[in-house]
Amino acid sequence: MRRILVAGNWKMNKDIRESLELVKKISYAVNDISVRDILVCPPYTSLSAVHELVKDTNIKLGAQNLFWEESGAYTGEISASMLKSAGCEYVIIGHSERRQYFGETEETVNKRVKKALESGLKPIICVGETLQEREGSITEKVVDKQIRGAFEGLSEADCDTIIVAYEPVWAIGTGKTATPDDANNVHKFIRNLLKELYNENVAEKMVILYGGSVKPDNAAELFAMEDIDGGLVGGASLKSDDFIALIKAGIE
Ligand code: PEP
């Protein structure tokens, strides 16, 4: 049985003081929620401080990227062991903003995923088509290539801790959301592809998040879809009231 995961990607927002302020409010409001998994992914500079606050709570901690080398002359990069020492359990990999602005490719996504797994971090692999690709009716072709690329060389056991996030690029930060049916169709496509690449068990166990302008007023409907197992949330994860409402969305 897959559990709903509500994950906040804070992107390049919130300094240390602001991060603590936000996570305190969230933690206070959701500390009795056991039916959902909750994750925050603050910027690197806030990780340690946020970890101190959430380590004994039901909120998990993740980073927004990692580099595949262990250490060395890679100015500006961050390693898996550094993230682990800051208390991270998860790491977002291949977010469309990394693909768009920082030259992330299928190959580099795959290297990062392998490093995360080798280090005991749970990768959240992001995939999704651009508006042009959707309008050109090649969503499935694009997602197929991204999934095959990210999972290249990974074993069935590796899949145990992987999460996939389907994030149509045209829906990120734009206020436009895929309809629950459209999103669910792509999630189903991803699940079928995992069945083809691995087997039914891997496909059925895989948590597949939807991302792209998830808001308190559309979350319950999205999370209720058969193949949508929660959300990766940008903008709405920066406002405590919105994120708290998202975490609680659809809970009876
Ligand atoms: C994201 O960045 O992963 C995202 C989905 O952003 P937003 O919720 O703001 O669209």
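I looked up the largest pocket, which holds about 470 Å³ of space; a pocket here is an open set of points on a 1 Å grid over the protein atoms alone, where a 1.4 Å probe fits, with protein on both sides within 12 Å along at least five of seven lines, and the volume is the space filled by probe spheres set on the points. Lining residues have an atom within 4 Å of a point, and of the 18 that line the largest pocket, K11, M12, Q64, R98 and F102 are the closest to its centre.

I noted that this is a predicted model, in which local features need pLDDT of at least 70 and side-chain atom pairs count only at pLDDT 80 or more, while totals for chains, interfaces and linings use all residues. Residues are numbered from 1 along each chain as its sequence is written, and side-chain values use heavy atoms, with hydrogens and water left out.

Next I turned to the ligand, and I found 14 residues surrounding it (a heavy atom within 4 Å), with K11, E167, G173, S213 and G234 as the closest.

I then checked polar contacts, which are pairs of N or O atoms within 3.5 Å. A side-chain N or O atom of E167 is 2.7 Å from an oxygen atom of the ligand, a backbone N or O atom of S213 also lies 2.7 Å from a ligand oxygen, and for a backbone N or O atom of G235 I read 2.8 Å. Taken alone the ligand exposes 290 Å², of which the protein buries 96%, the areas coming from the Shrake-Rupley method with a 1.4 Å probe.

Notes: A polar contact is a pair of N or O atoms within 3.5 Å; within protein, one must be able to donate a hydrogen and the other to accept it, and residues adjacent in sequence count only if both atoms are side-chain atoms.
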